[in-house]
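Here are my notes on the model you sent over. I went through it strand by strand and then looked at the ligand, so the points below follow that route.

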Amino acid sequence: MKRPVTKTRGLRLRPMTEADLASVLAVEQAAYAFPWSRQIFTDCLEAGYSCWVGELAATNPGALPGSGCGLDPSGMPDSGLTLPEARVSSLVTHGVMGMGVDECQIFNLCVHPQWQGQGIGRAMLRHLLQIARRRGAKTAFLEVRVSNARALALYRSEGFCEVGLRRGYYPASGGREDAWVMALELMQPATPSPPFP
Ligand SMILES: CC(C)(COP(=O)(O)OP(=O)(O)OC[C@H]1O[C@@H](n2cnc3c(N)ncnc32)[C@H](O)[C@@H]1OP(=O)(O)O)[C@@H](O)C(=O)NCCC(=O)NCCS
């Protein structure tokens with residue numbers, strides 16, 4: 001059964017731009033032992049990958065997005081999350097996904113360590129998968145370090161299954177680490193949706 005995302009409120013997801021890269025790198029470097037470089041993010045943007053960021057806004061909790069029609073006042077899709085009280089507007093998560101003919105590949109999913117464990121990663125993951133479904137993807141793929149228990153738990157709980165193992169795929173302290181290849185069959189939405197940005 002799908003888990004509800006109810007722990008946090010006030011997360012706004014929007015497309016990543018070049019201007020976000022300093023903040024994105026700060027999150028990336030705080031979260032990963034082997035972070036992506038700025039150049040990799042630039043390449044992803046230039047390649048037209050689906051690149052998203054999530055930020056927390058300093059907003060009156062009563063007026064936060066998430067309780068209405070699914071769009072925040074700016075017209076961007078609402079993650080459905082709301083946080084009790086976000087002190088400053090800050091970028092806390094990013095996600096990067098490539099689209100193929102009928103499949104998508106999630107290349108990066110990252111939450112700042114200060115904000116982990118509050119449903120933000122799940123919200124970004126669901127957001128990426130929703131976009132992939134709307135664009136007609138039938139299967140989602142991703143790779144994850146075999147030691148990354150937190151990410152594995154998240155992906156398994158969203159229905160991903162291990163479908164392969166890439167030996168020595170990731171750099172690791174003192175050597176290389178294997179990666180699970182995980183896949184999820186995507187159900188298509190019942191009714192056609194308007195195109196996503
Ligand atoms: C993996 C990551 C994206 C998850 O995001 P998050 O916001 O921390 O996760 P969520 O709060 O949405 O929790 C989702 C699930 O992850 C698992 N999880 C979260 N925190 C956990 C912890 N401390 N220990 C074990 N599992 C944990 C749980 O299954 C949780 O679901 P539940 O709360 O319903 O039990 C985030 O931890 C992260 O950015 N890690 C560093 C970068 C990374 O490893 N990215 C994945 C690369 S493949």
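1. Let me start at an oddity. Strand β6 is hardly covered: among its 12 residues, the count of buried ones is 0. Please keep in mind throughout that this is a predicted model.

2. Where does β6 sit in the sheet? It is an edge strand spanning 161-172, and β1 (11-15) is the other edge; each of these pairs on one side only. The sheet itself is open, with 7 strands in the order β1-β2-β3-β4-β5-β7-β6 and mixed pairing. From one strand to the next, the twist averages 25°.

3. The partner of β6 is β7 (residues 175-185), and the two run antiparallel, joined by 8 bridges. If you want to check the register by eye, Y170 stands opposite E177 in β7, G164 stands opposite V181, and E162 has M182 as its bridge partner. As a reminder, strands of a sheet pair through backbone hydrogen bonds, either parallel or antiparallel.

4. The turn of this hairpin deserves a look too. There are 2 residues between β6 and β7, and G174 takes a positive phi near 80° there.

5. On its other side, β7 pairs with β5, again in the antiparallel sense, over 7 bridges. M182 turns up here as well: this β7 residue is the bridge partner of L142. So M182 can be used to step across the sheet, with E162 as its bridge partner and L142 as another.

6. Now the chain overall. What is the order of elements from the N terminus on? They run β-α-α-β-β-β-α-β-α-β-β, with 4 helices and 7 strands in total. Of the 197 residues, 32% count as buried. Among contacts with a separation of 6 or more, 71% are between residues 24 or more positions apart.

7. Helix α1 (residues 21-31) lies across three strands, β2 (50-56), β3 (90-99) and β4 (103-111). Relative to β3, the helix runs at about 90°.

8. Which residues have the most contacts inside the largest nonpolar core? They are M124, L128, A132 and A140, in a core of 37 residues. Elements giving two or more residues to this core are β1, α1, β2, β3, β4, α3, β5 (139-145) and β7. The largest share, 8 residues, comes from α3.

9. M124 is a good residue to click on if you want to explore that core. Leaving out residues up to four places away in sequence, M124 touches L13, W52, G54, T93, G95 and L109. Of these, L13 falls in the β1 range of 11-15, while W52 and G54 fall in the β2 range of 50-56.

10. Last, the ligand. It is surrounded by 21 residues, and the closest are Q116, G121, R122, A153 and L154. Elements that give two or more residues to this shell are β4, α3 (120-134) and α4 (149-157). Which element provides the largest share? That is α4, with 6 residues.

11. For anyone setting up a ligand calculation, here is the make-up of that shell by class: 11 nonpolar, 7 polar and 3 charged residues. Note that α3 appears twice in these notes, as a contributor to the shell around the ligand and as the source of the largest share of the nonpolar core.

How values were computed. Residues numbered from 1 in each chain as written. Predicted model: local features only at pLDDT ≥ 70, side-chain atom pairs only at ≥ 80, totals over all residues. Pairing = 2+ DSSP bridges. Axes fitted to C-alpha atoms, helices over the stretch in contact; angles between N-to-C directions. Contact = placed C-beta atoms within 7 Å. Near = placed C-beta within 6 Å. Nonpolar A, V, L, I, M, F, W, Y, C, P; charged D, E, K, R; others polar. Core = buried A, V, L, I, M, F, W, Y, C linked by C-beta atoms within 7 Å. Buried ≥ 20, exposed ≤ 12 C-beta atoms within 10 Å, placed from the backbone.
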